[in-house]
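I opened my notebook today to look up a few charged pairs and one backbone angle. Come along and read over my shoulder.

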Amino acid sequence: MIDIRPAPKREPVHPAIDAEGISRLVECFYARIREDVRLGPIFETRLEGRWPEHLMKMKLFWHSVLLRSGAYKGKPVESHRALDSVLPEDYRQWLALFRPVAREIFEPEAARAVIDAAERIAESLWLASFGTPGAMTPNWMKTSGK
């Protein structure tokens with residue numbers, strides 16, 4: 001006999017996180033990405049003329065991660081592995097831009113939950129792109145609440 005149970009209720013990673021905050025996070029973060037000397041050109045080359053589409057996709061992605069909505073249906077690992085201009089250190093800069101934006105948008109505990117999720121995602125993408133069997137991620141990948 002198959003044991004069928006109802007799906008658990010999807011709860012946000014923190015109660016203070018909502019769709020409006022996620023939208024602000026994505027808009028502000030990508031504005032900073034576009035201004036960044038290193039990351040700006042990488043993103044611009046890939047997304048020129050398609051920024052609104054990308055921002056909408058990233059909002060769906062973060063809704064899925066932070067609100068656990070299941071809204072995003074993409075394949076981020078494949079997308080990031082296709083970027084031949086990305087270097088291992090670029091993930092450090094991505095996180096350096098992301099962390100302060102999360103702290104500006106969300107209250108401290110919610111920001112910590114958002115940053116923890118971002119660090120897990122960065123770690124996963126970094127390992128998929130640059131890791132080797134038994135590889136350890138760089139120490140800068142985690143802030144441990146900092």
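Below are my entries, one topic at a time.

**Entry 1, the model.** I note for myself that this is a predicted model.

**Entry 2, salt bridges overall.** I searched the whole structure and found 10 salt bridges. As a reminder to myself, side chains of opposite charge can pair when their charged atoms come close.

**Entry 3, E104 and R32.** I looked up this pair and found a salt bridge between the side chains, at 2.7 Å from N to O. It links distant parts of the chain, with E104 in helix α5 (residues 90-105) and R32 in helix α1 (residues 19-35), 72 residues apart. E104 is partly exposed at 46% relative accessible area, and R32 is partly exposed at 26%.

**Entry 4, R112 and E119.** Are these two buried or exposed? I checked: R112 counts as buried at 19% relative accessibility, and E119 counts as buried at 1%. Their side chains meet in a salt bridge of 3.4 Å, N to O.

**Entry 5, K142 and E123.** Here I found a salt bridge at 3.9 Å, N to O. K142 sits in the segment after α6 (108-130) and E123 in helix α6, so the pair ties together parts 19 residues apart in sequence. I also noted a network: salt bridges with shared partners join R99, R112, D116 and E119.

**Entry 6, R68.** I looked up phi for R68 and got a value near 55°, which is positive although the residue is not glycine. R68 lies in the loop between α3 (51-67) and α4 (76-81). With a relative accessible area of 43%, R68 is partly exposed.

Terms used
Residues numbered from 1 in each chain as written. Predicted model: local features only at pLDDT ≥ 70, side-chain atom pairs only at ≥ 80, totals over all residues. Heavy atoms only, no water. Helix = DSSP H or I, 4+ residues; strand = E, 2+ residues; numbered from the N terminus. Buried < 20%, exposed > 50% of the residue type's maximum accessible area, 1.4 Å probe, protein only. Salt bridge = Lys/Arg side-chain N within 4 Å of Asp/Glu carboxyl O.
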